[in-house]
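Open the model in your viewer and keep a selection command ready. The stops below can be followed in order.

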Amino acid sequence: MKRIFYLLIGIFLTALSAHAQLANTKWKATLQLDQPLDVIFNFGADTLDVTNAEDHSDIEAMKYTAQDTVLSIEKLYGNSQCDTSGVGKYSFKVDGDTLSLKLISDYCTDRSDVIGDIKLEKTE
């Protein structure tokens, strides 16, 4: 019984640690769209807001979860053609001031074509 308890605590702490790496952080990247666009990825407690770095206008708002090394995101509203019913999954790795995202699966090619293999730099 103790083993199961310790195993559950370990799993919970691992999930909490992954989420804590992203929660309340900001990351900057250049998206390769029709023209390159500098953006800020602002991770809140459970939402991810992507804004234009130059004028701070909203581009996309998503809810997210982070478990182990998997970031799951789902659109709330924004400019992409993605609908709000599908989830994109990306592996993530934080290495110092760099956040790397790599596509695992995403029904929305508007999103996966842009962030499917991207590196972001920590800001603020």
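What follows is a tour of a predicted model, taking the strands before the salt bridges.

**Stop 1: strand S1**

Select residues 25-32, which make up strand S1. Colour Thr25, Trp27, Ala29 and Leu31: these side chains point to one face and are buried. Now colour Lys26, Lys28, Thr30 and Gln32, which point to the other face and are not buried. The side chains thus alternate along S1.

**Stop 2: the neighbours of S1**

Add residues 36-43, strand S2. S1 and S2 pair in the antiparallel sense, over 8 bridges. The link between S1 and S2 is a hairpin through 3 residues. To look at a single position, pick Gln32, from the face of S1 that is not buried; opposite Gln32 stands Pro36 in S2.

Next, show residues 117-123, strand S8. S8 also runs antiparallel to S1, and 3 bridges join these two strands. Which residue of S8 is the bridge partner of Trp27? Select Lys122 to see that partner. Trp27 itself belongs to the buried set of S1 side chains.

**Stop 3: the salt bridges**

How many salt bridges does the structure hold? There are 3, and each can be displayed as a residue pair.

- Select Lys63 and Glu74. Their closest N and O atoms are 3.8 Å apart, inside the 4 Å cut-off for a salt bridge. Lys63 sits in strand S4 (residues 58-67) and Glu74 in strand S5 (residues 70-78), with their positions 11 residues apart in the count along the chain. Lys63 is partly exposed, at 42% relative accessibility.

- Select Lys102 and Asp117. Here the closest N and O atoms are 2.8 Å apart. Lys102 is in strand S7 (residues 98-105) and Asp117 is in S8, so this salt bridge ties together parts that are 15 residues apart in sequence. Lys102 is partly exposed, with a relative accessible area of 45%, whereas Asp117 counts as exposed at 58%.

- Select Asp106 and Arg111. The closest N and O atoms of this salt bridge are 2.6 Å apart. Are these two residues buried or exposed? Asp106 has 15% relative accessibility and counts as buried. Arg111 is buried too, with a relative accessible area of 7%. Both values fall in the buried class because that class means under 20%.

**Last view**

Keep S1 and S8 on screen together with Lys102. S8 is joined to S1 by 3 bridges, and Asp117 of S8 forms the salt bridge with Lys102 of S7.

Technical notes:
Residues numbered from 1 in each chain as written. Predicted model: local features only at pLDDT ≥ 70, side-chain atom pairs only at ≥ 80, totals over all residues. Heavy atoms only, no water. Buried < 20%, exposed > 50% of the residue type's maximum accessible area, 1.4 Å probe, protein only. Helix = DSSP H or I, 4+ residues; strand = E, 2+ residues; numbered from the N terminus. Pairing = 2+ DSSP bridges. Salt bridge = Lys/Arg side-chain N within 4 Å of Asp/Glu carboxyl O.
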